[in-house]
Amino acid sequence: MSVDTATVRKVAGLARIAISDGEAEALVPELNNILGWIEQLQEVDTSSVEPMTAVIANHLRLRDDVVTEGEIRDQVLANAPQAEHGFFAVPKVIE
């Protein structure tokens, strides 16, 4: 695929960038070089490369998700600044 000045002007218009005729002419070989590099990258065989989400391995440091019987209301409410009738008590915000 090659880019001409009409394509450069159209892309500039879509991007709402004002360019002069000289700038459009200067961008034609630059965009053609970029597209050439992309074509080279498409020729690389990546079938044996595993997809990755990060460059370095990240391991989550979370506790195991273990199902318990619960029944620890008193321990949970011990962290509350105020508790009433077995529930968290919050201050009234609407008069």
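This short talk describes selected helices, surface residues and contacts of one structure. Please keep in mind that the model is predicted.

I begin with helix α1, which covers residues 5-14. Which residues of this helix are buried? They are T5, V8 and A12. Viewed down the axis of α1, the buried residues fall within an arc of 55 degrees, so they line one face of the helix. In general, an α-helix has 3.6 residues a turn, so residues three or four places apart point the same way. On the face of α1 turned away from the buried side, we find the exposed residues K10 and L14.

I turn next to helix α2, residues 21-42, where I38 is located. Is I38 buried or partly exposed? I38 has a relative accessible area of 40%, and because buried means under 20% and exposed means over 50%, I38 is classed as partly exposed. Together with I34 and W37, I38 forms a nonpolar patch on the surface. The accessible area of these three residues together is about 310 Å².

After α2 comes a loop between α2 and α3 (73-77), and A57 has its place there. A57 counts as exposed, because its relative accessibility is 66% and the cut-off is over 50%. How far apart are A57 and L27 in space? The C-alpha to C-alpha distance between A57 and L27 is 40 Å, while in sequence they are 30 residues apart.

Finally, I consider the aromatic rings. The structure contains 0 aromatic pairs. R73, however, lies over the face of F87, at 5.6 Å from the ring centre.

Thank you for your attention.

Conventions: Residues are numbered from 1 along each chain as its sequence is written. This is a predicted model: local features need pLDDT of at least 70, side-chain atom pairs count only at pLDDT 80 or more; totals for chains, interfaces and linings use all residues. Side-chain values use heavy atoms; hydrogens and water are left out. Rings of Phe, Tyr and Trp (its six-membered ring) pair if their centres lie within 6.5 Å; planes under 30 degrees apart count as stacked, over 60 as edge-to-face and the rest as tilted. A charge sits over a ring if NZ of Lys or CZ of Arg is within 6 Å of the ring centre and within 35 degrees of the ring normal. Patches are made of residues with over 30% relative accessible area and no salt bridge: like charges are joined within 9 Å, nonpolar side chains (Val, Leu, Ile, Met, Phe, Trp, Tyr) within 5 Å. Accessible areas come from the Shrake-Rupley method with a 1.4 Å probe; for residues, only the protein chains shown count as cover. A salt bridge is a side-chain nitrogen of Lys or Arg within 4 Å of a carboxyl oxygen of Asp or Glu. Helices (H or I, at least four residues) and strands (E, at least two) are DSSP runs, numbered from the N terminus. Buried means under 20% relative accessible area, exposed over 50%, partly exposed in between (1.4 Å probe, protein chains only). The arc is that of the directions from the helix axis to the C-beta atoms.
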